[in-house]
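Here's a short set of exercises to work through with the model open in your viewer. Try each one before you read the solution.

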Amino acid sequence: MSAVRTMEPLPRTGAAMVAAGRKVYVWGGYTQTIEGEGDDRFIVDIDLPDPDSEDDVTIEVLDLEQMEWYKQSTRGSVPQLGSGSIFAAIGSKLYLFGGWNDNDFSANIFVLDTTTFTWEFVETVIGGPIAKYRTGMVVHGQKLIVFGGVGKPFKSDGREGASYLANKSFNFEFSYGWNNELHEFDTTTKTWKVLQCTGSRPPPIGDFTFNKIDKTRALLYGGRIEKTTFSSVYILDCELLHWVGPLEPQSPNQPWPAPRCLHATSCVVDPDSEIAALHQKVVTFWGKGSDNKHVPDIWMLDVATVTWRELKLNLRPRMWHMSCSSHNGEMNTDLIVFGGNKRRESKFDKHVMTDVRVLRFGMVEDLQSMCTDLISKNWEVLGLLADHLPPHLQHRIQTCREQTNEIIYPIASNFE
């Protein structure tokens, strides 16, 4: 299958993104274009993959070792979904669930084999979730745990305590709402199972984040019900199927992020490592508040102590962006943030973003990388030095100059 290097990824928001090894895969969402002329111009949202484009079967890939993007062609049963799908990686296979396009919600699962880049549509029988998007999914062994989201109505019969809250705030031509159903998909038997859980189950909710934090637990943060956003934390034990929460500030002065939805959250420590249960930290990026405005801050949660602190990083806020973690050993992690919606400067300003930010935790940059990065950022002064470097370093410097990727080292936010 062919792969073509690109200067930067396609601007998109509401996409599915996941890291597998040292590569990041991005699929779906929507992008924007401007049509018309002069004062008659208008912005058009385009679901991805775009059936009218020759590139509708390519997946965008970021190589974290080379810091290069490329488009990888795919084949097979290519998903024709738009925004709000979710990705999970098990070995060399990427599992895509749910989503929304102009036609309907989806309850389908597609599998992309990254050794052949062939899509497979998984035909499942009864017992699965409702058609929905903006849901949560984590990996537990060879199984996928799926919780909540926004989708079609359902009756509570046979859903083991799950409930549904119908939309009353937004006017649409179809019925939809929020749910808190909990399902398990077995990737070996390709079957669904409704899970019965104990503890303080979260209410019907969507637009939250759901991350595996250690070998047995997953963390839910934030989200929205109707027009109200939240900042509560819930933790699910995927073995015992027991919820703990809501975890909330114990005093008015306790540092705690503002309520938000359409944010992104990723783990600093590899959830499968031995140290994750005691030393896990998660970082949540920006989002949307109850006032429909951007939430401008970034916070890090120490899971063991349930304490938050704000990370002071000079980055542009966004909402409905994507983030994921690539772990290189127990203590070395890249947190990748991509896409999303920025604040619109004018009615002709496309608000979908294309820039990439990589937060590198635990690593000390090697001397070679520091030098090439210094040359690329100070090209007018140091550019002549590049002619005397080996070809592979010249290529790296050229790549740094051409692309919009930025690596950030939040030193004070490492693993103390």
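**Exercise 1.** What is the strand order in the open sheet of five strands, and is the pairing parallel or antiparallel?

*Solution.* Keep in mind that this is a predicted model.
- Step 1: Walk across the sheet, and you get S1-S7-S6-S3-S2, with antiparallel pairing.
- Step 2: Look at the edges. Strand S1 (3-6) and strand S2 (16-20) each have a single partner strand, so one side of each has no neighbour in the sheet.
- Step 3: Check the twist, which averages 25° from one strand to the next.
- Step 4: Zoom in on S1 and S7, which are held by four bridges in the antiparallel sense. Ala3 sits opposite Gln72 in S7.

**Exercise 2.** Work out how the salt bridge between Arg12 and Glu60 is placed in the chain, and whether its ends are buried or exposed.

*Solution.*
- Step 1: Take the distance: the closest N and O atoms of Arg12 and Glu60 are 2.8 Å apart.
- Step 2: Locate the ends. Arg12 is in the loop between S1 and S2, while Glu60 belongs to strand S6 (residues 58-63), so the two are distant parts of the chain, 48 residues apart.
- Step 3: Apply the burial cut-off, under 20% relative accessible area. Arg12 comes out at 6%, so it counts as buried, and Glu60 is buried too, at 3%.
- Step 4: Contrast that with the salt bridge of Asp214 and Arg217, where the closest N and O atoms are 2.7 Å apart. Asp214 is buried at 4%, but Arg217, at 22%, counts as partly exposed.
- Step 5: Look for shared partners: Arg22, Glu65, Asp334 and Arg360 are joined by salt bridges into one network.

**Exercise 3.** Describe the aromatic pair formed by Trp27 and Trp119, then do likewise for Trp69 and Phe338.

*Solution.*
- Step 1: You need two numbers here, since a ring pair is described by the distance of the centres and the angle of the planes.
- Step 2: The search of the whole structure turns up 18 aromatic pairs. In one of them, Trp27 and Trp119 are 4.9 Å apart centre to centre with 55° between the planes, which makes the pair tilted.
- Step 3: Trp27 is in strand S3 (residues 23-27) and Trp119 in strand S12 (residues 118-122), so the pair ties together parts that are 92 residues apart in sequence. Both Trp27 and Trp119 are buried.
- Step 4: Trp69 and Phe338 are also a tilted pair, at 5.4 Å centre to centre and 45° between the planes. Trp69 is in strand S7 (residues 68-73) and Phe338 in strand S31 (residues 333-338), 269 residues apart. Both Trp69 and Phe338 are buried.

**Exercise 4.** Which residues of S32 point one way, and which the other?

*Solution.*
- Step 1: Recall that in a regular strand the side chains alternate between the two faces of the sheet.
- Step 2: Sort the residues: Val356, Val358 and Arg360 point one way, and Arg357, Leu359 and Phe361 the other.
- Step 3: Six of the six residues of strand S32 (residues 356-361) are buried, so the strand is largely enclosed by the rest of the structure.
- Step 4: Add the neighbour: S31 runs antiparallel to S32, with six bridges joining them. Thr333 has Phe361 in S32 as its bridge partner.

**Exercise 5.** What does Arg134 do with Trp320 and with Asp207?

*Solution.*
- Step 1: The charged end of Arg134 sits over the ring of Trp320, 4.2 Å from its centre.
- Step 2: Arg134 also forms a salt bridge with Asp207, with 3.4 Å between the closest N and O atoms.
- Step 3: Both Asp207 and Arg134 are buried.

Definitions and conventions:
Residues numbered from 1 in each chain as written. Predicted model: local features only at pLDDT ≥ 70, side-chain atom pairs only at ≥ 80, totals over all residues. Heavy atoms only, no water. Phe/Tyr/Trp six-rings, centres within 6.5 Å; stacked < 30°, edge-to-face > 60°. Buried < 20%, exposed > 50% of the residue type's maximum accessible area, 1.4 Å probe, protein only. Lys NZ or Arg CZ within 6 Å of the ring centre and 35° of its normal. Pairing = 2+ DSSP bridges. Axes fitted to C-alpha atoms, helices over the stretch in contact; angles between N-to-C directions. Salt bridge = Lys/Arg side-chain N within 4 Å of Asp/Glu carboxyl O.
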